[in-house]
Amino acid sequence: MQCYVCRGEAERLSSGFDGERINCPDCGPYAISGSALAEMTAGGHTINTEATRAWLADQRERVEPVPMINTQTRILG
Ligand SMILES: [Zn+2]
């Protein structure tokens, strides 16, 4: 599959929630909510790669190892 953050080749892991868990070799592991995916698809939006990678790195350091991108936390490109 394509990583939602960098559009590179990434792996989709099974998630126990409404959304997806992604393991990207370049962006690292992250989760994305079903509503964020729906919003992006409906609006034709993409995620801002650099800003989101910085956000993910900060979240991993301070909050949790697999940060959740949702409609509040997503940074659109
Ligand atoms: Zn990526």
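**View 1. Gly19 and Ser33 sit across from each other in strands 2 and 3.** Gly19 has Ser33 of strand 3 as its bridge partner. Strand 2 covers residues 19-24 and strand 3 covers residues 28-33; they pair in the antiparallel sense over six bridges. Two strands count as paired if DSSP finds at least two bridges between them. Strands here are DSSP runs of E with at least two residues, helices are runs of H or I with at least four residues, and both are numbered from the N terminus. Three residues lie between strand 2 and strand 3, which form a hairpin. A note on what you're looking at: this is a predicted model, where local features need pLDDT of at least 70, side-chain atom pairs count only at pLDDT 80 or more, and totals for chains, interfaces and linings use all residues. Residue numbers start from 1 along each chain, as its sequence is written.

**View 2. Ala31 has partners in strand 2 and in strand 4.** Opposite Ala31 of strand 3 stands Arg21, while Met68 is its bridge partner in strand 4. Strand 3 and strand 4 run parallel and are joined by two bridges.

**View 3. Here's the open sheet of four strands.** The order is 1-2-3-4, with mixed pairing. Strand 1 (11-13) and strand 4 (68-69) are the edge strands, each pairing on one side only. Helix 1, residues 34-43, lies across strand 2, strand 3 and strand 4 and runs at about 80 degrees to strand 3. That angle is taken between N-to-C directions on a scale from 0 to 180 degrees, using lines fitted to C-alpha atoms, for helices over the stretch in contact.

**View 4. Ile22 belongs to the largest nonpolar core.** This core has 13 residues, and Cys3 and Ile22 touch the most other members. Strand 2 and strand 3 each supply at least two residues of the core. A nonpolar core is a set of buried Ala, Val, Leu, Ile, Met, Phe, Trp, Tyr and Cys residues joined through C-beta atoms within 7 Å. Skip the neighbours within four places in sequence, and Ile22 is in contact with Cys3, Tyr4, Ala10, Arg12, Tyr30 and Ile32. Contact means that the C-beta atoms, placed from the backbone, lie within 7 Å.

**View 5. Arg7 has a positive phi.** Look in the segment before strand 1 for Arg7. Its phi is near 65 degrees, and Arg7 is a residue other than glycine. Arg7 counts as exposed because it has 12 C-beta neighbours inside 10 Å; the cut-offs are 12 or fewer for exposed, 20 or more for buried, and partly exposed in between, counting other C-beta atoms within 10 Å, all placed from the backbone.

Methods:
Two residues are in contact if their C-beta atoms, placed from the backbone, lie within 7 Å.
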